[in-house]
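Visitor: I'm new to reading protein models. Could you walk me through this one?
Guide: Sure, let's take a look together.

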Amino acid sequence: MTSISNPETVWEALKEAAQASPDRSAYIFMSEEITFQDMDERSDRVAAGLLSLGIKKGDRIGIIGLNQPEWVYLYFAAAKIGAVVVGLSVRYRSSEFEYILNHSETCTVATLPAIPDMNYVEFFQEFGSKVPSVKQYIFIGGQGFEGSTTMETLLNTEVDRGALDKAQAAVTPEDLMMIIYTSGTTGIPKGAALSHRSQLASARAQAEHTKITEADVVPLALPFNHVGGITCGLLTTLLGRGTCILIPVFDPGQVIQLAAKYGATIMPGVPTMHTLVLMNENLSSWDTSNIRLVISGGSNSEPDLLTKLNQVFPNASVMNLYGLSESSGAVVLSPWESDFETTLRSIGKPIGDFQVKVVDDDGGELPVDETGELYFKGDAVVPAYFRGDAETAEAFRDGWLKTGDMGYLDSKG
């Protein structure tokens, strides 16, 4: 069994995997297999390219992309130079872009040239004046406009080892790794500021809890601009040295086809995704006996759905997962020893050394079986909201994250 790696920064997590298992298939995309060493070398080149563009520690890089290798290259490249990834959704339009790019003072946007209903080259040519902090654009898989650069150029940058080593050495566990904007309960998005430490703490706790190893293959259709894709999926699998199948856009038929082709062992998803997979016509031809774990998170899973998952995946444990942007990823999962009835009515127990308490309106801790607001504490909790002092003061109390979610603890915790 692989022991779960325990790096202090995200770039070290990749470096350790590349040194320990250089030739292992880490990422599969459109039948291309990318090893840990490939990922490390390519993200080195992209990091060198970012440095040559003048991007430095603390600068924000917005990424608009699908679940594709270029997203991952940029994420690890940013980690290597201490830059901060701002997760942007392909569903965003001008109002979201205007608020998020200005609020985060993003200096660089890496984007696809176009998707079926959006031409980003034309959009940013027109829209650029509304986001004055954005000084450069990187186009992924195609040409942009005059003055922009391409991902291909970054991938072909020669690495100045001295400059890159110096940049890497300056990255600390407390440095920001990613900003994920969450609308939460208020209309204006808040930027959860994930540090290297907080993101790795959640990923490590999940990797240890789910007993992930080199034998595991995980189809990833959850988008990387959210913790479900990047922490619970990509980073967790990296720490256990498993293989990720990168699925650009969620398509239930494609998920089944790729899971069958590459021998998937873990099926993560939100309830809607699982429901659509179960309804898909390809399901009947898929031998699901290889799946050892099904994880459902992101919103409440109905008992009927969990029961059906339990039937369709006969050799799998079915687990609920609970986490937030503000906890960098998962903080609660169903225990292995949970009987199915308990799994149906509970989100599980805190993983790792994360703590939970249930509090009343005055902040007093409530006893077993009494409903109140859930508070969590631990290294996975983000240090703050980015440039949001008032919101930070409201949501974070003496190291505890005030979730806004109601729940209770039973006698088993």
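**Reading the features**

Guide: Let's start with one residue: His 209 is buried, with a relative accessible area of 17%. Keep in mind that this is a predicted model.

Visitor: Why does His 209 count as buried?

Guide: The label means under 20% relative accessible area. His 209 comes out at 17%, so it gets that label.

Visitor: Okay, and where is His 209 placed?

Guide: You'll find His 209 in helix H8, which covers residues 196–210.

Visitor: Which residues does His 209 touch, leaving out those up to four places away in sequence?

Guide: They are Met 319, Leu 333, Ser 334, Pro 335, Trp 336 and Ile 351. Trp 336 also has a charged visitor: Lys 211 lies over the face of Trp 336, 4.6 Å from the ring centre. You can spot a similar arrangement at Trp 400, where the charged end of Lys 357 sits over the ring, 4.5 Å from its centre.

Visitor: Now salt bridges. How do I read one?

Guide: Look for a side-chain nitrogen of Lys or Arg within 4 Å of a carboxyl oxygen of Asp or Glu. Searching the whole structure turns up 20 salt bridges. Take Asp 40 and Lys 80: their closest N and O atoms are 2.8 Å apart. This pair links distant parts of the chain, with Asp 40 in helix H2 (residues 36–52) and Lys 80 in helix H3 (residues 69–81), 40 residues apart.

Visitor: Are Asp 40 and Lys 80 buried or exposed?

Guide: Asp 40 is buried at 8% relative accessibility, and Lys 80 is buried too, at 0%.

Visitor: What about the salt bridge between Lys 57 and Asp 175?

Guide: There the N to O distance is 2.9 Å. It's another link between distant parts of the chain: Lys 57 is in the loop between H2 and strand S3 (60–64), while Asp 175 is in the loop between helix H7 (161–169) and strand S10 (176–182), 118 residues apart. Here Lys 57 is partly exposed at 40%, whereas Asp 175 counts as buried at 16%.

Visitor: How far apart, N to O, are Glu 394 and Arg 397 in their salt bridge?

Guide: That one is 3.5 Å. Glu 394 is partly exposed at 45% relative accessibility, and Arg 397 is partly exposed at 32%. Salt bridges can also share partners: Lys 15, Asp 40, Asp 44, Lys 80, Arg 161 and Asp 165 are joined that way into one network.

Visitor: And how do I describe two aromatic rings?

Guide: You give the distance of the centres and the angle of the planes. The whole structure has 17 aromatic pairs. In one of them, Phe 123 and Phe 124 sit edge-to-face, 4.9 Å centre to centre with 75 degrees between the planes. Phe 123 is buried at 16% relative accessibility, and Phe 124 is buried at 2%. Both belong to one aromatic cluster, whose members also include Tyr 92, Phe 97 and Phe 145.

Visitor: Last topic: empty space. How is it found?

Guide: Rolling a probe the size of a water molecule over the atoms shows where empty space is left. This structure holds 1 cavity of 30 Å³ or more. The largest cavity has about 90 Å³ of space.

Visitor: Which strands and helix each supply at least two residues of its lining?

Guide: Strand S12 (217–220), strand S14 (266–269) and helix H11 (271–279) do. Among the lining residues are Pro 219, Phe 250, Met 267 and His 274.

Terms used
Residues are numbered from 1 along each chain as its sequence is written. This is a predicted model: local features need pLDDT of at least 70, side-chain atom pairs count only at pLDDT 80 or more; totals for chains, interfaces and linings use all residues. Side-chain values use heavy atoms; hydrogens and water are left out. Helices (H or I, at least four residues) and strands (E, at least two) are DSSP runs, numbered from the N terminus. Buried means under 20% relative accessible area, exposed over 50%, partly exposed in between (1.4 Å probe, protein chains only). Rings of Phe, Tyr and Trp (its six-membered ring) pair if their centres lie within 6.5 Å; planes under 30 degrees apart count as stacked, over 60 as edge-to-face and the rest as tilted. A charge sits over a ring if NZ of Lys or CZ of Arg is within 6 Å of the ring centre and within 35 degrees of the ring normal. Contact means heavy atoms within 4.5 Å. On a 1 Å grid over the protein atoms alone, a cavity is a set of points where a 1.4 Å probe fits but cannot get out, and a pocket is an open set with protein on both sides within 12 Å along at least five of seven lines; lining residues have an atom within 4 Å of a point. Grid points are joined across faces, edges and corners, and a volume is the space filled by probe spheres set on the points.
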